[in-house]
Amino acid sequence: MDHISISFPHCLKLSLVMEATAGNTPGYSLSTHKNSSVQSRFMKRLHDQILKNQLLESRLAATNRISTFVEAAKLSALGIYHWSSGDTKKANSCFELAQACSCDDVASLVCQWALFQINPELAPVISADLITVQLRKRAEEAPKVAKEACVRYFMNELKLCKKQHKQCLQAVLGMIYAVCNINHAAARHHLLRAAQVSLWSEEDQESKANTLNSGYSNPSKIQELLGVQSNLKRNKKFGSILALHCLADAACHGLFGFPRCKGKACELALRAALLGDAASQFLLGSLASQGVLGTVQKDEYAFVWYRLAAARLLPRALIALGNCHAAGRGTFLDLQQAVSCFRLAAQRGHPTAAYNLAMCYMHGHGVSFCARKALKWLLRGAEAGHAPSQYELGVAYADGVLGQSKQQSKGMVWLKKAGEQGHLKALSYLAALLLKSKDPKRQVEGNKYLEQLKEYSNKEQQCKDVL
């Protein structure tokens, strides 16, 4: 009896036993010409079996992966129900568990991103802004199979859930469709139904802004104008806040196929802001500072909304409030208060705040001059990809300021990173440094940056002409 062992992929092994008898059955030998047809049939069956095993393994892996997505979606749904009942801390814990179960669970990623926008005080103190940005990016870049599994689960959940949960599930489903770029038509349908509003048009822009203009300067008139006072209890639900938050941003910037209408954005943001949405409070301040609600006392009104959002520790609201204090817009000039706002936002990971704080330490605005702290915050902003921080840090190293010895090569690294983002001053500085060199290669590189500077300058001028 001869034993032939054949090794298969994935640690699969078959043992084939061939018996040969002397008189009745001819002996099997895979190497003989006489049995070549037997060998070819055997190898074909062997190949088919390997393919079948691989297919079964891939199907099993796909089934296990989809099961993981479903389990994560269940945890996300539990978090959504906790959020709708007002327990945001338990909701956040459920979203974190769902991401631990599957890092590609788009429902938990989208919901946690929205949770940190609406309730920024729940975000981690360190690098809150960076974490929030990463959550949305991960949701956008999640694999297609994860998005499809999540949508299927929540569509089924929407059909089977209790009536009081339909609004919140529709809002989440609309956010998933919108943020993950799956289906903007479906996103609009679910968000509008969750917020209980009808689709607007661009023609509503001027009339809506003018109608709201007089009421926006008085909170009691605002509530009366929009009917919020009578419907506040009914509308104070997670689904309504989330849908209004998303719709206000979409109306302001023309996202997800919605018509761009800043007047409608004001109305939606106000409804969400009165329900406690920090991001919508900031949006109202931003729109007011642009004069959308009229030019009379626009800075004072913007300051009020910035202060409300900043009290919730929203990083971009803290920056806006700091800028108001630094310039005396809508309030008295107070550089020390501006520094406090910038520091809070910088500690929560906002690169622009880190840059502003570094400038305060560099020039002694609101604080004593401190080269070490200025360098620390410039480095924080530069590492986060903030072009102005990269430029200032590059200049500091190249010129040997802020207590540093001249390190031109180190400075050029940061200047090049800023130049890659189209920072005109960085490109100009790089060109000047390289053209001063006697090395022909560095001069050629300097000319290259000079050409880039001209190209970016022309583009910037064309944008100004269009505006």
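**A chat about a helical chain**

Me: How many helices and strands are in the protein chain?
Reply: The protein chain has 22 helices and 2 strands. Helices (H or I, at least four residues) and strands (E, at least two) are DSSP runs, numbered from the N terminus. This is a predicted model, in which local features need pLDDT of at least 70 and side-chain atom pairs count only at pLDDT 80 or more, while totals for chains, interfaces and linings use all residues. Residues are numbered from 1 along each chain as its sequence is written, and side-chain values use heavy atoms, with hydrogens and water left out.

Me: What share of the residues is buried?
Reply: Of the 467 residues in the protein chain, 45% are buried. Buried means under 20% relative accessible area, exposed over 50%, and partly exposed in between (1.4 Å probe, protein chains only).

Me: And the nonpolar core, which residues have the most contacts inside the largest one?
Reply: Phe154, Met175, Ile176 and Leu247, in a core of 116 residues. Apart from it lies another core, of 15 residues, with Val395, Ala418, Tyr429 and Ala431 among them. A nonpolar core here is a set of buried Ala, Val, Leu, Ile, Met, Phe, Trp, Tyr and Cys residues joined through side-chain atoms within 4.5 Å.

Me: What does Ile176 touch?
Reply: Not counting residues up to four places away in sequence, Ile176 touches Val106, Ala107, Val110, Cys150, Val151, Phe154, Asn181 and Ile182. Contact means heavy atoms within 4.5 Å.

Me: Asn181 is on that list. Where does it lie?
Reply: Asn181 is in the loop between helix H6 (166-179) and helix H7 (184-195). Its phi is near 55 degrees, a positive value in a residue other than glycine. Most residues other than glycine have a negative phi.

Me: Why does Asn181 count as exposed?
Reply: Because its relative accessibility is 52%.

Me: Which other loop residue has a positive phi, near 70 degrees?
Reply: Leu313, again not a glycine. Leu313 sits in the loop between helix H14 (298-310) and helix H15 (315-327), and counts as partly exposed at 27% relative accessibility.

Me: Back to H6. Is Gln170 buried or exposed?
Reply: Gln170, found in helix H6, counts as buried because its relative accessibility is 10%. Beyond four places in sequence, Gln170 touches Leu158, His189, His190, Arg193 and Ala194.

Me: Different topic: at what angle do H2 and H3 pack?
Reply: About 145 degrees, with the axes 9 Å apart; H2 covers residues 88-101. Axes are lines fitted to C-alpha atoms, for helices over the stretch in contact, and angles run from 0 to 180 degrees between N-to-C directions.

Me: Which residues meet there?
Reply: Thr88, Asn92, Phe95, Glu96, Ala98 and Gln99 in H2 meet Ser108, Leu109, Cys111, Gln112, Leu115 and Phe116 in H3.

Me: What follows H3, and where is Asn119?
Reply: Asn119 is in the loop between helix H3 (106-118) and helix H4 (128-140). Asn119 is buried, with a relative accessible area of 13%. Leaving aside neighbours within four places in sequence, Asn119 contacts Trp83, Thr88 and Arg312.

Me: And Ala128, in H4: buried or exposed?
Reply: Ala128 is buried, at 3% relative accessible area. The C-alpha atoms of Ala128 and Leu314 are separated by 9.1 Å, although these residues are 186 residues apart along the chain. Outside four places in sequence, Ala128 touches Ala123, Arg348 and Gly349.
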